[in-house]
Amino acid sequence: MTRRKISILGSTGSIGTSALDVVGRFPDRFEVVGLAAGGRVDVLAAQIRAFQPKVVSVGDEAGARALSGLLGAGDPQPEVLVGSRGACAIASLPEVDFVLAAIAGSAGMLPTAAAVDAGKVVGLANKESMVLAGEYLMAQAKRTGAPILPVDSEHSAIFQCLVGHNRDDVRRLVLTASGGPCRTWDADRIEACTPAEALKHPNWSMGAKITVDSATLMNKGLEVIEARWLFDLPPEQISIVVHPESVVHSMVEYVDGSVVAQLGTPDMRGPIAYALTWPGPRLPLGLPPLDLPALGKLAFEEPDPRRFPAYELAYEALRIGGTAPAVVSGADEAAVAAFLAGKIPFPGIAAAISHALEAHSARPVASVDDAIAASDEGRRSADGWLAGRFSKG
Ligand SMILES: NC(=O)C1=CN([C@@H]2O[C@H](COP(=O)(O)OP(=O)(O)OC[C@H]3O[C@@H](n4cnc5c(N)ncnc54)[C@H](OP(=O)(O)O)[C@@H]3O)[C@@H](O)[C@H]2O)C=CC1
Ligand SMILES: CC(=O)[C@@H](O)[C@H](O)COP(=O)(O)O
Ligand SMILES: [Mn+2]
């Protein structure tokens with residue numbers, strides 16, 4: 001069997017390390033050709049020793065120097081590239097056929113687009129690139145003929161629930177949301193939510209930005225936008241249900257009332273492996289089986305926009321269209337960073353996104369540069385508003 005040649009963008013993060021765990025279990029199936037990381041060069045050095053990629057990329061020149069200091073004479077010596085250009089090069093290496101896009105945030109936009117432009121099969125974890133430029137990326141993928149395969153757990157679930165069904169029979173997609181760590185809290189308690197509390201996701205172990213997004217429910221808003229483009233359905237046909245156990249990963253409701261769901265223990269190695277091996281066969285991952293009797297009950301609730309207003313801003317951005325979702329995403333990134341730095345309270349995140357969206361006049365997204373410019377505008381708008389509202393002294 002020929003091995004699938006892969007590049008992993010964001011190899012040192014939560015998704016990247018889970019992907020390498022999958023790949024490491026099936027060395028006869030996968031060859032790691034390229035790895036792109038940011039600043040965690042010690043983790044990258046260990047990955048280089050374990051997987052021997054031909055090319056790697058790090059965030060900056062200082063990281064490249066640090067990496068070279070970590071790799072001894074007996075270690076593999078890959079070519080080392082730097083910065084966004086380096087990550088884009090890793091995304092488009094000629095011999096690579098599958099690229100896992102798992103850089104966090106808008107930093108993933110250019111490398112993800114580079115993979116699509118180069119006609120690679122893209123496993124998409126970096127939801128922000130779909131939020132910034134979903135319509136553009138899907139059209140570009142159609143042109144280059146390589147699919148964008150969802151890795152985000154809800155979208156992977158929907159992708160799996162659509163297999164064998166007629167697209168015209170879909171009535172709506174139902175995205176499940178854990179509700180995050182503040183799900184049961186009243187408004188006063190939410191107001192006082194600290195970064196440490198927001199970072200305690202009830203079911204998933206993930207990077208900081210997405211974990212805070214889960215706590216505000218902005219993650220679900222971003223996922224609605226992601227689903228809108230991945231599955232080409234309008235926002236009216238995409239809904240959210242809170243499901244605290246994160247066992248039902250999402251559902252598709254068909255016109256006859258039948259609902260097809262995908263279930264599993266919350267472990268990203270499942271969706272990652274599904275994309276890596278698509279169109280199959282599936283890999284025997286050896287993960288703990290889902291034990292429904294042990295769980296006993298599964299719960300479902302309506303989301304509450306009064307306590308968690310962020311996700312409705314994503315719907316509003318979709319209705320506005322053009323650059324509005326990119327502005328929302330940029331504002332969210334800035335506000336989450338400010339919250340994690342202790343500069344603003346938890347509700348300031350949704351308030352800043354709301355301000356940025358209101359202040360923005362949407363334009364069409366005709367290129368990746370348009371999308372990045374809008375995301376940067378959202379970031380500046382949120383930062384400016386937050387500084388005026390919350391800076392001390
Ligand atoms: N974690 C999860 O379970 C899920 C994640 N996702 C999505 O996947 C993406 C990754 O999330 P997650 O793995 O949790 O995030 P992490 O914060 O754990 O990892 C982020 C990765 O991106 C790299 N990175 C960050 N900035 C840059 C940059 N400027 N240039 C190059 N590399 C960079 C980091 O490098 P370094 O660490 O070396 O600095 C790291 O490898 C996000 O878009 C998230 O929304 C979607 C569904 C589930
Ligand atoms: C694992 C994954 O896909 C995350 O996006 C997860 O869904 C976040 O949890 P929430 O449901 O709390 O947003
Ligand atoms: Mn998700």
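A residue counts as partly exposed when the number of other C-beta atoms within 10 Å of its own falls between the limit for exposed, 12 or fewer, and the limit for buried, 20 or more. The legends below describe close-up views of a predicted model.

**View 1. Histidine 201 sits in the loop between helix H9 (195–198) and H10.** Because 19 other C-beta atoms lie within 10 Å of histidine 201, this residue is partly exposed. UniProt, in an unreviewed entry, lists His201 under the feature "binding site". The same feature includes Lys127, Ser153, Glu154, Ser178, Ser214, Asn219, Lys220 and Glu223.

**View 2. The shell around ligand 2 holds Asp152, Ser153, Glu154, Ala177, Ser178, Gly180, Trp204, Ile210, Ser214, Asn219, Lys220 and Met268.** Two or more of these residues come from each of helix H7 (153–162), helix H10 (208–216) and helix H11 (218–230). By residue class, the shell around ligand 2 divides into four nonpolar, five polar and three charged residues. Among the positions that the unreviewed UniProt entry gives for "binding site" are Ser153, Glu154, Ser178, Ser214, Asn219 and Lys220, and these residues also appear in the list around ligand 2.

**View 3. Ligand 1 is surrounded by 30 residues, of which Gly10, Gly13, Gly38, Met206 and Gly207 come nearest.** Helix H1 (14–25) and helix H6 (127–144) are the elements that give two or more residues to this shell. H1 supplies the largest share, three residues. The shell around ligand 1 consists of 13 nonpolar, 13 polar and four charged residues. Domain 1 (4–150) and domain 2 (155–266 + 303–390) each contribute at least three residues to the shell around ligand 1.

**View 4. Seven strands make up an open parallel sheet in the order S4-S3-S2-S1-S5-S6-S7.** Strand S4 (79–82) and strand S7 (148–150) stand at the edges with a single partner strand each, so one side of each has no neighbour in the sheet. From one strand to the next the twist averages 25°. Within this sheet, strand S2 (residues 30–36) pairs with strand S3 (residues 55–58) in the parallel sense over three bridges. Glycine 34 has valine 55 in S3 as its bridge partner. The unreviewed UniProt entry places the feature "domain: 1-deoxy-D-xylulose 5-phosphate reductoisomerase N-terminal" at residues 6–134. That span is 46% helix and 21% strand, and its end C-alpha atoms lie 23 Å apart.

**View 5. Strand S5 (residues 98–101) is covered on both faces.** In a regular strand the side chains alternate between the two faces of the sheet. In S5, Phe98 and Leu100 are on one side, Val99 and Ala101 are on the other, and all are buried. Strand S1 (residues 4–9) pairs with S5 in the parallel sense over four bridges. Serine 7 stands opposite valine 99 in this pairing. S5 also runs parallel to strand S6 (residues 121–124), with four bridges joining them. There, leucine 124 in S6 is the bridge partner of alanine 101.

**View 6. A four-stranded open sheet has the order S9-S8-S10-S11 and mixed pairing.** Strand S9 (238–242) and strand S11 (259–263) are the edge strands, and each pairs on one side only. Neighbouring strands of this sheet are turned by 20° against each other on average, direction ignored. Strand S8 (residues 170–177) and strand S10 (residues 248–254) are antiparallel and share five bridges. Leucine 173 stands opposite valine 252 in S10.

**View 7. Arginine 183 lies in the loop between S8 and helix H8 (187–191).** Arginine 183 counts as partly exposed because 19 C-beta neighbours lie inside 10 Å. Between the C-alpha atoms of arginine 183 and glycine 119 the separation is 41 Å, with the two positions 64 residues apart along the chain as the sequence offset.

**View 8. Alanine 341 is placed in the loop between helix H15 (324–340) and helix H16 (347–359).** Alanine 341 has 9 C-beta neighbours inside 10 Å, and therefore counts as exposed. Alanine 341 and glycine 24 are 35 Å apart in space, C-alpha to C-alpha, and 317 residues apart in sequence.

Conventions
Residues numbered from 1 in each chain as written. Chains lettered and ligands numbered in written order. Predicted model: local features only at pLDDT ≥ 70, side-chain atom pairs only at ≥ 80, totals over all residues. Pairing = 2+ DSSP bridges. Axes fitted to C-alpha atoms, helices over the stretch in contact; angles between N-to-C directions. Near = placed C-beta within 6 Å. Nonpolar A, V, L, I, M, F, W, Y, C, P; charged D, E, K, R; others polar. Domains from an automatic or database assignment. UniProt positions renumbered as here; feature names shortened; annotations may be inferred.
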